[in-house]
Amino acid sequence: MAPSAESGKPIGILFVCLGNICRSPMAEAVFSHIVAARGLASKFHIDSAGTARYHVGERPDGRTIATCNKHGVAMDHFGQLLVSRHFAEFDYILCMDDDNLRDCKHVKPKGQSRAKHGMFGEYSEDKGDRVVTDPYYGGLKDFELMYERIVRCSEGLLKQLLQVEKTRLEGTGK
């Protein structure tokens, strides 16, 4: 699982969804919140991006912000597009659904890539979480369900990274 990267450098995590206004910015905010609560914020470089240009430069969906606020999770993000340089900048590029993963593979530069890319939901202990469903056309209840799924996935991701990236995590400063 561990990409080759310099020891002592923060671990780069990029969350990816379609428009970068619902799922991926919430995953960015929740994972950042969880690692900060564990005193690990300086050990990670966390961001999010979308596979489509629809919302570049925009704030996350108001329902995403409201759900995060309800749970005390800070959010400071503006939409951006997934681009080839992200594969050199990040160690892990984690997609919310199979379409995002397919699109991600099309953006990935040919040849070697620093980033390992895959499904964010695969880190959850709940196998029903493999796909983080897009709540955009739903209501607040759907955003709450997304939040709960993202928390489970984030906790599983951190648990795995603490094992797999142990050397790097011990080598970075707090």
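The radius of gyration I shall quote is taken over C-alpha atoms, and the globule rule beside it is 2.2 Å times the number of residues to the power 0.38. Good morning, colleagues. The structure above is a predicted model, and I shall move from the whole chain to a few selected residues.

Let me begin with the overall dimensions. For 174 residues, the rule puts a compact globule near 16 Å; the protein chain has a radius of gyration of 15 Å, which agrees. Along the principal axes, the C-alpha atoms fill a box of roughly 45 × 35 × 30 Å. Of the 174 residues, 49% count as buried. The accessible surface comes to about 8300 Å², and carbon and sulfur atoms contribute 50% of that surface. As for contacts, among those with a separation of 6 or more, 77% are between residues 24 or more positions apart.

The secondary structure consists of 6 helices and 4 strands. Read from the N terminus, the order of the elements is β-α-β-α-α-β-α-β-α-α.

I turn now to helix H2, which spans residues 62-70. Which residues of this helix are buried? They are Thr 64, Thr 67 and Cys 68. These three cover an arc of only 95° around the axis, which puts them on the same side of H2. The general background is helical geometry: an α-helix has 3.6 residues a turn, so residues three or four places apart point the same way. The other side of H2 carries the exposed residues Gly 62, Asn 69 and Lys 70. What do the buried residues of H2 pack against? Their partners are helix H1, residues 23-37, and helix H5, residues 140-164.

Both ends of H2 deserve a remark. At its start, a side-chain oxygen of Asp 61 comes to within 2.7 Å of the backbone nitrogen of Arg 63. Just after the helix, Gly 72 adopts a positive phi of about 70°.

Lys 70, a residue of H2, merits a closer look. Its relative accessibility is 62%, and as the cut-off for exposed is over 50%, Lys 70 counts as exposed. The side chain of Lys 70 nevertheless has a partner, making a polar contact of 3.3 Å with the side chain of Glu 144. By way of a distance across the model, the C-alpha atoms of Lys 70 and Met 119 are separated by 26 Å, with their positions 49 residues apart along the chain.

The next topic is the aromatic residues. The structure holds 4 aromatic pairs. In one of them, the rings of Phe 15 and Phe 31 have centres 5.9 Å apart and planes at 65°, so the pair is edge-to-face. This pair links distant parts of the chain, since Phe 15 belongs to strand E1 (residues 11-17) and Phe 31 to helix H1, 16 residues apart. Both Phe 15 and Phe 31 are buried. For the rings of Phe 31 and Phe 44, the centres are 5.5 Å apart and the planes at 85°, so this pair is edge-to-face. It too links distant parts of the chain: Phe 31 is in helix H1 and Phe 44 in strand E2, 13 residues apart. In relative accessibility, Phe 31 stands at 0% and counts as buried, and Phe 44, at 7%, is buried. Phe 15, Phe 31, Phe 44 and Phe 120 form one aromatic cluster.

Two of these phenylalanines reappear around Ile 46, which is placed in strand E2, residues 44-50. Is Ile 46 buried or exposed? With a relative accessibility of 15%, Ile 46 counts as buried. Setting aside residues up to four places away in sequence, Ile 46 touches Ile 13, Phe 15, Glu 28, Phe 31, Ser 32 and Val 35. Ile 46 and Phe 15 are 31 residues apart in sequence, and their C-alpha atoms are 8.0 Å apart in space.

My last residue is Arg 168, in helix H6, residues 166-171. Arg 168 has a relative accessible area of 5% and is buried. Which polar partners does the side chain of Arg 168 have? A polar atom of this side chain lies 3.2 Å from the backbone oxygen of Pro 10, and a polar contact of 3.0 Å joins the side chains of Arg 168 and Asp 91.

In closing, I would set two charged-residue cases side by side. Lys 70 is exposed and contacts Glu 144, whereas Arg 168 is buried and contacts Asp 91. Thank you for your attention.

Key: Residues are numbered from 1 along each chain as its sequence is written. This is a predicted model: local features need pLDDT of at least 70, side-chain atom pairs count only at pLDDT 80 or more; totals for chains, interfaces and linings use all residues. Side-chain values use heavy atoms; hydrogens and water are left out. Buried means under 20% relative accessible area, exposed over 50%, partly exposed in between (1.4 Å probe, protein chains only). Helices (H or I, at least four residues) and strands (E, at least two) are DSSP runs, numbered from the N terminus. The arc is that of the directions from the helix axis to the C-beta atoms. Contact means heavy atoms within 4.5 Å. A polar contact is a pair of N or O atoms within 3.5 Å; within protein, one must be able to donate a hydrogen and the other to accept it, and residues adjacent in sequence count only if both atoms are side-chain atoms. Accessible areas come from the Shrake-Rupley method with a 1.4 Å probe; for residues, only the protein chains shown count as cover. Rings of Phe, Tyr and Trp (its six-membered ring) pair if their centres lie within 6.5 Å; planes under 30 degrees apart count as stacked, over 60 as edge-to-face and the rest as tilted.
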